[in-house]
Amino acid sequence: MSAYKYNDLIKLTTQYAHRMNYLSNRIFGEVARATNSKSLKVVKMYSEEPVGKRDYVINWYPRHVETHILMKNLRLYGLFRDEHEDFKEEMKRMRKLRGKAPPKKGEGKRSKK
């Protein structure tokens with residue numbers, strides 16, 4: 001059946017034409033029944049890709065977690081110097097030398113009784 005004849009069938013006001021048009025719309029994911037513009041806006045909104053899955057939204061912020069893990073590994077290999085981490089380690093070492101560090105597991109106050 002040619003497209004011209006199909007268009008003519010859809011334009012007819014017979015019950016068969018209405019039913020075929022309805023089924024065609026259901027099959028091809030269009031709006032089955034005639035609706036107002038507000039309802040069509042909702043249909044359009046749900047037919048679009050979700051905002052959370054859009055590429056520009058996903059890549060909006062830099063990849064902080066991955067960058068942090070990379071820098072941590074580079075520091076362990078000696079390829080990156082993190083002065084803040086160096087400072088924290090030095091403060092821990094100094095506290096331990098002064099006897100202010102927390103006790104090791106099993107050497108606390110309760111274990112001495």
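## Salt bridges

A salt bridge here is a side-chain nitrogen of Lys or Arg within 4 Å of a carboxyl oxygen of Asp or Glu. The structure is a predicted model, and a search of the whole of it finds seven such contacts.

One of them joins the side chains of R54 and E48, with an N to O distance of 3.5 Å. Because 3.5 Å falls within the 4 Å limit, the pair counts. E48 has a relative accessible area of 38% and is therefore partly exposed. Another salt bridge links E66 and R63 at 3.1 Å, again N to O. The two partners fall into separate exposure classes: E66 is partly exposed, at 40% relative accessible area, while R63 is exposed, at 52%. The class of R63 follows because exposed means over 50%.

## Contacts in helix α6

Helix α6 covers residues 83-98. K88 and E85 both belong to this helix and are three residues apart, about one turn. Their side chains form a salt bridge with an N to O distance of 3.2 Å. K88 is partly exposed, with a relative accessibility of 39%, and E85 is also partly exposed, at 27%. In addition, R75, R81, D86 and E89 are joined into one network by salt bridges that share partners.

## Helix α5

Helix α5 runs over residues 64-77, which makes 14 residues. At 1.5 Å a residue, a helix of this length should span 20 Å. The C-alpha atoms at its ends are 20 Å apart, so the model agrees with the expected value. The expected span is 1.5 Å times one less than the number of residues.

After α5 comes G78, which has a positive phi, near 85°.

## The largest pocket

The largest pocket has a volume of about 170 Å³. The elements that give two or more residues to its lining are α5 and α6. Of the elements, α5 gives the most, with five residues.

The lining consists of H68, M71, K72, R75, L76, F80, D82, E85 and E89. By class, these residues divide into five charged, three nonpolar and one polar. Some lining residues also take part in the contacts described above. E85 lines the pocket and forms the salt bridge with K88. R75 and E89 are likewise in the lining, and both belong to the salt-bridge network that includes R81 and D86.

Terms used. Residues numbered from 1 in each chain as written. Predicted model: local features only at pLDDT ≥ 70, side-chain atom pairs only at ≥ 80, totals over all residues. Heavy atoms only, no water. Helix = DSSP H or I, 4+ residues; strand = E, 2+ residues; numbered from the N terminus. 1 Å grid on protein atoms, 1.4 Å probe; cavity = no way out; pocket = protein on both sides within 12 Å on 5 of 7 lines; lining within 4 Å. Points joined across faces, edges and corners; volume = space filled by probe spheres on them. Nonpolar A, V, L, I, M, F, W, Y, C, P; charged D, E, K, R; others polar. Buried < 20%, exposed > 50% of the residue type's maximum accessible area, 1.4 Å probe, protein only.
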